[in-house]
Amino acid sequence: MDKVKTNFVIVITISVIVSLVLIGYAASLSSQLGAEKIKTMQLNDQIAGFKTKVNDLDVQLTTTTAKASDQASLVTSLQSSLNSLRSSLDTANAESDKLKTAYANLESKLKAEVPVNAPQPAAN
């Protein structure tokens, strides 16, 4: 019976030692799992921050694109106005040339009709 008691004590002792080792291993795994959860939460926070930054950049890109489109429209409008002004200037220059020619013709007709001895009006 001594041998049975001894074997029983050995089995219980080994069982307790194995249980303690398993408990320690489980605690270690639990600690590692907790650390991984913390890392995962930190990474999720970083991802959320990156998503916010991406959304902000998307809004900025949309705003910049809209501003660029507005500026392109403004440039087109200004180019159209410039072309219109150039056309008006060309028309005004042509009218000016016509008036100069008409003035020169009138002046030559006037000189032909006015006698040479007649007093001339003062030049402006």
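Is Lys 98 buried or exposed? I started there, and Lys 98 came out exposed, with a relative accessible area of 54%. Note to self: this is a predicted model.

**Entry 1, Lys 98 and its partner.** I looked for what Lys 98 pairs with and found a salt bridge to Glu 95, with 3.9 Å between the closest N and O atoms. Both residues sit in helix α1, three residues apart, which is about one turn of the helix. Glu 95 is partly exposed, at 41% relative accessible area. The cut-off for exposed is over 50%, so Lys 98 at 54% passes it, while Glu 95 at 41% does not.

**Entry 2, other salt bridges.** How many salt bridges does the structure hold? I get two. Besides the Glu 95 and Lys 98 pair, there is one between Lys 39 and Glu 36, again with the closest N and O atoms 3.9 Å apart. Lys 39 and Glu 36 are three residues apart in helix α1, so about one helical turn separates them. I checked their cover too: Lys 39 is partly exposed at 46%, and Glu 36 is partly exposed at 43%.

**Entry 3, charges overall.** I counted 12 positive and 11 negative side chains in the chain. The centres of the two sets lie 12 Å apart.

**Entry 4, the fold.** What does the secondary structure of the chain come to? I find one helix and zero strands. The radius of gyration is 51 Å, well over the 14 Å that the globule rule gives for 124 residues, so the chain is more spread out than a compact globule. The C-alpha trace spans about 170 × 20 × 10 Å along its principal axes. Helix α1 itself covers residues 2-113.

**Entry 5, a distance check.** I picked Leu 33 and Ala 104, which are 71 residues apart in sequence, and got 103 Å from C-alpha to C-alpha. Leu 33 lies in helix α1. Its side of the accessibility list reads 49%, so Leu 33 counts as partly exposed, given that exposed needs over 50%.

**Entry 6, burial and surface.** What share of the 124 residues is buried? I get 0%. Buried would take under 20% relative accessible area. The chain exposes about 11,300 Å², and carbon and sulfur atoms supply 65% of that.

**Entry 7, a nonpolar patch.** Which residues make the nonpolar surface patch? I list Phe 8, Ile 12, Val 16, Leu 20 and Ile 23, together making about 500 Å². I followed up on Ile 23, which lies in helix α1. Ile 23 counts as exposed because its relative accessibility is 56%.

**Where I left off.** My picture is one helix and zero strands, two salt bridges, 0% buried residues and a nonpolar patch that includes Phe 8 and Ile 23.

Technical notes
Residues are numbered from 1 along each chain as its sequence is written. This is a predicted model: local features need pLDDT of at least 70, side-chain atom pairs count only at pLDDT 80 or more; totals for chains, interfaces and linings use all residues. Side-chain values use heavy atoms; hydrogens and water are left out. Patches are made of residues with over 30% relative accessible area and no salt bridge: like charges are joined within 9 Å, nonpolar side chains (Val, Leu, Ile, Met, Phe, Trp, Tyr) within 5 Å. Accessible areas come from the Shrake-Rupley method with a 1.4 Å probe; for residues, only the protein chains shown count as cover. A salt bridge is a side-chain nitrogen of Lys or Arg within 4 Å of a carboxyl oxygen of Asp or Glu. Helices (H or I, at least four residues) and strands (E, at least two) are DSSP runs, numbered from the N terminus. Buried means under 20% relative accessible area, exposed over 50%, partly exposed in between (1.4 Å probe, protein chains only). The radius of gyration is taken over C-alpha atoms; the globule rule is 2.2 Å times the number of residues to the power 0.38. Lys and Arg count as positive and Asp and Glu as negative; His and the chain ends are not counted. The place of a charge is taken as NZ of Lys, CZ of Arg, CG of Asp or CD of Glu.
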